[in-house]
Amino acid sequence: DTATTEIYTLSLHDALPIWTVTLAGALDVDGNLTVTAGTFAAGANQINIAGDWSNAGTFTAGTGTVVFDGGIAQSLASGGSAFNNLTVSKSANTLTFGSIVTVTSTLALSSGTLAPGNFNHQIAGNWNDSAITFTPASGTITLTSTNPSITQGAANNFFNLTLTDGATMLSAIDVNGNLTNSAGTFTTGGF
């Protein structure tokens, strides 16, 4: 069955972190998702969350997608676990990263505001923040793919931007701190 299971709040905890919960279908959490122990595995499923994400156990992303879609202020504390696909699609308010966030496939920035905090986030794939508000006062975005494209909203900026293997600008970019290109070619495209 591929139906979406909708719940208000999901808390996974146990005194012994030996269990694994694996999703069998999509999950829509209208409140908070909290993992205090054990393993929470997404498989190939989508998880929509309208509240906060707090992980002190292990999150195994699989090939799934996590979508932050709440109309309220939300926070994400990854607990060091990586996300495969991560989408920010908020009708209002801000998603605040409360820890380092690693995305191994795609970060989709569809709507809302993203506050990355003072962390070094590892993002694979292209960067396009033209549909959201993104104006960090600290922290680093590290683009880990080979030659990703970068599109930035006119009023947005990076604080620090690190490129591990070049990049191609598809718009003008604003970096308020340090721009570091570790390897590869950084193509400005005339901007």
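## Aromatic pairs and parallel strands

The count comes to 8 aromatic pairs, where rings of Phe, Tyr and Trp (its six-membered ring) pair if their centres lie within 6.5 Å. One of them joins Phe 134 and Phe 158. This pair is edge-to-face, the class for planes over 60 degrees apart, while under 30 degrees counts as stacked and the rest as tilted. The centres are 6.1 Å apart and the planes make an angle of 70°. The two rings come from distant parts of the chain, 24 residues apart. Phe 134 sits in the loop between β15 (127-128) and β16 (140-143). Phe 158 sits in the loop between β17 (149-151) and β18 (160-163). Strands here are DSSP runs (E, at least two residues), numbered from the N terminus. Both Phe 134 and Phe 158 are buried, meaning under 20% relative accessible area, with exposed over 50% and partly exposed in between (1.4 Å probe, protein chains only).

The model is predicted: local features need pLDDT of at least 70, side-chain atom pairs count only at pLDDT 80 or more, and totals for chains, interfaces and linings use all residues. Residues are numbered from 1 along each chain as its sequence is written, and side-chain values use heavy atoms, with hydrogens and water left out.

Ring pairs also build a cluster: Phe 40, Trp 53, Phe 59, Phe 68 and Phe 83.

Next, the strands. Two strands pair if DSSP finds at least two bridges between them. The table lists three pairings.

| Strands | Sense | Bridges | Opposite residues |
|---|---|---|---|
| β8 (residues 53-55) and β11 | parallel | 2 bridges | Trp 53 and Leu 76 |
| β11 and β12 (residues 83-97) | parallel | 3 bridges | Leu 76 and Phe 97 |
| β6 (residues 39-41) and β9 | parallel | 3 bridges | Thr 39 and Thr 58 |

Strand β11 spans residues 74-77. Its covered face holds Gln 74 and Leu 76. Ser 75 and Ala 77 make up the uncovered face. Leu 76 stands opposite Trp 53 and has Phe 97 as its bridge partner in β12.

Strands β3, β6 and β9 form an open sheet of 3 strands, in the order β3-β6-β9, with parallel pairing. β3 (20-22) and β9 (58-60) stand at the edges with a single partner strand each, so one side of each has no neighbour in the sheet. The twist averages 15° from one strand to the next, with axes as lines fitted to C-alpha atoms and angles from 0 to 180 degrees between N-to-C directions.

Leu 33 lies in strand β5 (residues 33-35). Leu 33 is buried, at 0% relative accessible area. Its C-alpha atom is 6.3 Å from that of Ser 54, 21 residues apart along the chain.

Key:
Helices (H or I, at least four residues) and strands (E, at least two) are DSSP runs, numbered from the N terminus.
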